[in-house]
Amino acid sequence: MIKISPSVLACDFTKFGMEVQKVEDAGAELLHLDVMDGMFVPNISFGPDIIHCVRAQSKMIFDVHLMIMDPIRYIDKFIAAGADIITIHYESCDNPKEVLEKIRAAGKKASISIKPATPASVLKPLLPYVDMVLIMTVEPGFGGQKFMMQTMESVRALYEMVRESGYTIDIQVDGGINTETAAIAAAAGANVLVAGSSVFGAKDAAKAVSDIRKAAENAYPVS
Ligand code: DX5
Ligand code: ZN
């Protein structure tokens, strides 16, 4: 099943609550919350207190993307803030398995992400510990960047790896997703699509969500 996760990084933060409501009304299943620490990525966004503020207002699945160093330090805080899924970066810690197990032990969904240059093969030993894998389709740090076509190789490799493993694992893509790239990513095996600019920048968010969904549904699974 295709799921859409609008990234709030592209929303109008002067109306944060209303923007979240808008994408919930638009039919998005997940809300993508990008947390950046200015160390793992060269940008700073927001932390658990802001997530806690909107948690009470929304029934969406909170999909928290941690672009921070040593994420184990903050797992408890993001769970208390209302995260349902927590994605950590493979490149951000020495022992990703330990962090993933901590997330699952708290009853939440655990997810791991790789940057475009990291080979998908590093994910294989971690598949037993994850509910989702995020293949970054841009360099993490900023919204509004161009989709990197070469990352599709990792999506295809991961799709095969997951199929062979027998586990049920969602494959998420994040960065530069619009109707065109959603179809490309879905054809490669991605079923959870993060979209920032193409949803929050659209005149009609509901149409944007539904157009991205349709494009992906028509292309999935791997052709
Ligand atoms: C980038 C973030 C993305 C970003 C996506 O580091 O992880 O979630 O907000 O934004 P768009 O869809 O505009 O590329
Ligand atoms: Zn993200």
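**Entry 1: ligand 1, polar contacts**

I began with Gly176 and found a polar backbone atom of this residue 2.8 Å from an oxygen atom of ligand 1. The model is a predicted one, and I read each distance below as a property of that model. I then looked up Gly144, where a backbone N or O atom lies 2.9 Å from an oxygen atom of ligand 1. For Gly196 I noted a separation of 2.7 Å between a backbone N or O atom and an oxygen atom of the ligand. I next checked the area of the ligand: taken alone, ligand 1 exposes 380 Å², and the protein buries 99% of that.

**Entry 2: ligand 1, the site and its shell**

I asked in which pocket ligand 1 sits. I found ligand 1 in the largest pocket. Three elements give two or more residues each to the shell around the ligand, namely β2 (30–36), β3 (61–67) and β8 (192–195). Of these I singled out β2, which supplies three residues, the largest share of the shell.

I counted 20 residues around ligand 1. The closest are Asp34, Gly141, Asp174, Gly196 and Ser197. By class, I recorded eight nonpolar, 10 polar and two charged residues in the shell.

**Entry 3: Gly196**

I returned to Gly196, which is among the closest residues to ligand 1. I located Gly196 in the loop between β8 and α7 (197–200). I entered Gly196 as buried because its relative accessible area is 17%, which is under the 20% cut-off. For a distance within the fold, I took the C-alpha atoms of Gly196 and Ser154: these residues are 42 apart along the chain, and the atoms are separated by 22 Å.

**Entry 4: two polar side chains in strands**

I looked up Gln172 and placed it in strand β7, residues 170–174. Is Gln172 buried or exposed? I recorded Gln172 as buried, since its relative accessibility is 0%. I then searched for a partner of the Gln172 side chain and found a polar contact with the side chain of Asp63, at 2.9 Å.

I made the corresponding search for Thr87, which lies in strand β4, residues 85–89. Thr87 has a relative accessible area of 0%, so I classed it as buried. The side chain of Thr87 makes a polar contact at 2.8 Å with the side chain of Ser111.

**Entry 5: backbone geometry**

I checked which residues a cis peptide bond joins, and noted Tyr220 and Pro221, with omega at about 0 degrees. I placed Pro221 in the segment after α8 (205–219). With a relative accessible area of 44%, Pro221 is partly exposed. I also took the C-alpha separation of Pro221 and Asn191, which is 8.5 Å for residues 30 apart along the chain.

I then turned to Asp70, which is not a glycine and yet has a positive phi of about 45 degrees. I found Asp70 in the loop between β3 and α3 (75–81). I entered Asp70 as partly exposed because its relative accessibility is 38%, a value between the cut-offs of 20% and 50%.

**Entry 6: loop positions and C-alpha pairs**

I looked up Lys124 and found it in the loop between β5 (109–114) and β6 (132–136). Why is Lys124 counted as exposed? I noted a relative accessible area of 51% for Lys124, and exposed means over 50%. From C-alpha to C-alpha, Lys124 and Val162 are 8.4 Å apart in space, with their positions 38 residues apart in sequence.

I closed with Ala10, which I located in the loop between β1 (3–6) and α1 (16–25). Ala10 is partly exposed, at a relative accessible area of 32%. I found the C-alpha atoms of Ala10 and Gly201 separated by 7.3 Å, although these residues are 191 apart along the chain.

Terms used: Residues numbered from 1 in each chain as written. Chains lettered and ligands numbered in written order. Predicted model: local features only at pLDDT ≥ 70, side-chain atom pairs only at ≥ 80, totals over all residues. Heavy atoms only, no water. Near = heavy atom within 4 Å. Polar contact = N/O pair within 3.5 Å; in protein donor to acceptor, adjacent residues only side chain to side chain. Areas by Shrake-Rupley, 256 points an atom, 1.4 Å probe, with all protein chains shown as cover. 1 Å grid on protein atoms, 1.4 Å probe; cavity = no way out; pocket = protein on both sides within 12 Å on 5 of 7 lines; lining within 4 Å. Sits in = over half its atoms within 2 Å of the grid points. Helix = DSSP H or I, 4+ residues; strand = E, 2+ residues; numbered from the N terminus. Nonpolar A, V, L, I, M, F, W, Y, C, P; charged D, E, K, R; others polar. Buried < 20%, exposed > 50% of the residue type's maximum accessible area, 1.4 Å probe, protein only.
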